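Subject: Structure for your review

Dear colleague,

Please find below the structure I am handing over to you. My findings follow it, arranged by topic.

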Amino acid sequence: MSAFKWIAGLFGWAASGPIGALLGVLIGALLDSQIDLIKQVTGSPDGTPAGPSPSRGYTAAEQRNSFLVSLLVLSSSVIKADGKTHPAETGYVLDFVRQNFGQAAVQDASRILAELEGKNVNIYEVGAQIARNMNYSQRLQLFHYLTRIATVDGEFSLQEKDVLEAIAGAIHLNSSDAASVISMFYKDSSSAYSVLEISPSATNDEVKSAYRRMAMKNHPDKVATLGPEVQKAAAEKFRQIQEAYETIKKERGL
C-alpha cells in the first residue's frame with residue numbers, strides 16, 4: 001500500500017478548510033516526492049486546500065474517513081493537553097486506526113501524530129469546519145472518543161478537561177451534552193446525574209424522562225454511516241447512559 005493511501009482515498013469534506021491545509025502540510029513534509037497524493041488530499045497542486053462544495057453530497061465512506069481524519073487531528077490536542085505524550089493515549093488512537101484501516105495504516109498514522117505534536121492546531125478553526133460538515137450525533141460521538149483518550153493513561157487532568165471543553169464549544173456541542181460525556185469519565189458524587197443532564201434534585205419522573213431523552217439522542221443507529229467500529233463505540237456510550245440510570249435507580253430504590 002502506498003504511503004497515506006488510507007487517508008487520501010475518500011476523505012470528503014475534510015480535504016477543504018483548515019483540516020485539509022494542515023494534513024496537506026504534514027503529508028507534504030513527510031512525502032515531498034508524492035505530489036499527486038498531496039494534490040488528492042488538498043485538492044490543488046500547491047497544497048492549498050480546495051474550496052468547499054456545499055452542494056455535494058458525501059458518501060458514507062467519505063463521511064467515515066472524514067470523521068477519522070478529524071479524530072486524528074483533534075486527538076493530538078487532547079494527547080498533549082497536559083504537557084506530555086503518554087504512550088497509552090497514542091496507542092488508543094492507533095488501535096482505532098488499526099481496527100478501521102488495518103495494520104498497514106498504523107505506521108502512517110503514527111508519523112502524522114508525531115508531526116502534529118509539534119504543530120499548533122487551532123481547535124476553533126478545525127472545530128468550525130467539523131461543525132459545518134458533521135451532523136450533531138457524529139460530533140457527539142467524536143467528542144466521546146476524544147474524552148476517552150484523556151482517560152486511558154489512568155488520569156484525567158484538569159488541563160485535559162479544559163481542552164475538551166474548548167473542543168466542545170468549537171464543534172458547537174451544547175454545554176449540557178459536553179458535560180454529560182465528560183461525566184461518563186470524570187467521576188464525582190453527582191456524575192450519574194450529569195450524564196443524564198439533570199441535577200440530584202430532579203424528581204423520579206424527571207429522571208425517567210431524562211433517561212428516555214438521552215437514550216434516544218445517543219442511540220448507536222444515529223452514527224451507523226460512520227462504520228461498525230464507530231457504531232460499536234457509540235454502543236459503549238449508550239451503555240454508560242444506561243449505567244448512570246441504573247445507579248440513580250439503585251440510590252433511590254426505584
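What percentage of the 254 residues of the chain count as buried? The figure is 50%. Please bear in mind that this is a predicted model, and that every value in this message is computed from it.

Overall composition

The chain contains 13 helices and 0 strands. Read from the N terminus, its elements therefore run α-α-α-α-α-α-α-α-α-α-α-α-α. Where contacts join residues at least 6 apart in sequence, 74% of them link residues at least 24 apart. The chain exposes about 11400 Å², of which carbon and sulfur atoms supply 51%.

Helix H4

Helix H4 covers residues 60-79. Its 20 residues, at 1.5 Å a residue, should span 28 Å, and the end C-alpha atoms are indeed 28 Å apart, so the expected and computed spans agree. H4 is also mostly covered, with 17 of its 20 residues buried.

Helix packing

Two helix pairs deserve your attention. Two packed helices are described by the angle between their axes and the distance between the axes.

The first pair is helix H7 (residues 123-133) and H9, whose axes come within 8 Å and cross at roughly 45 degrees. H7 is therefore oblique to H9. On the H7 side, the contact is made by Ile123, Tyr124, Gly127, Ala128 and Ala131, and on the H9 side by Val163, Ala166, Ile167 and Ala170. By class, this contact has 8 nonpolar residues, 1 polar residue and no charged residues.

The second pair is H12 and helix H13 (residues 228-252), which pack at an angle of about 170 degrees with their axes 10 Å apart. Angles over 145 degrees count as roughly antiparallel, so H12 is roughly antiparallel to H13. H12 contributes Asn204, Val207, Lys208, Tyr211, Met214 and Ala215 to the contact, while H13 contributes Phe238, Ile241, Gln242, Tyr245, Ile248 and Arg252. These residues divide into 8 nonpolar, 2 polar and 2 charged.

Lys217 and its contacts

Lys217 is located in helix H12. Is Lys217 buried or partly exposed? Its relative accessible area is 24%, and Lys217 is therefore partly exposed, since buried means under 20%. Leaving aside its neighbours within four places in sequence, Lys217 is in contact with Ser137, Asp177, Glu197 and Lys222. Lys217 and Ser137 are 80 residues apart in sequence, yet their C-alpha atoms are 7.5 Å apart in space.

Residues with positive phi

Glu197, which is one of the contacts of Lys217, has a positive phi of about 65 degrees although it is not a glycine. Glu197 is found in the loop between helix H11 (191-195) and helix H12 (204-217). With a relative accessible area of 22%, Glu197 is partly exposed.

Where is His172 found? His172 is in the loop between helix H9 (158-170) and helix H10 (175-183). His172 likewise is not a glycine, and has a positive phi of about 65 degrees.

I would suggest viewing Lys217 together with Glu197, given that the two are in contact and that Glu197 has a positive phi.

Kind regards

Key
Residues numbered from 1 in each chain as written. Predicted model: local features only at pLDDT ≥ 70, side-chain atom pairs only at ≥ 80, totals over all residues. Heavy atoms only, no water. Helix = DSSP H or I, 4+ residues; strand = E, 2+ residues; numbered from the N terminus. Buried < 20%, exposed > 50% of the residue type's maximum accessible area, 1.4 Å probe, protein only. Contact = heavy atoms within 4.5 Å. Areas by Shrake-Rupley, 256 points an atom, 1.4 Å probe, with all protein chains shown as cover. Axes fitted to C-alpha atoms, helices over the stretch in contact; angles between N-to-C directions. Parallel < 35°, antiparallel > 145°, perpendicular 65-115°, else oblique. Nonpolar A, V, L, I, M, F, W, Y, C, P; charged D, E, K, R; others polar. Expected span 1.5 Å × (residues − 1).
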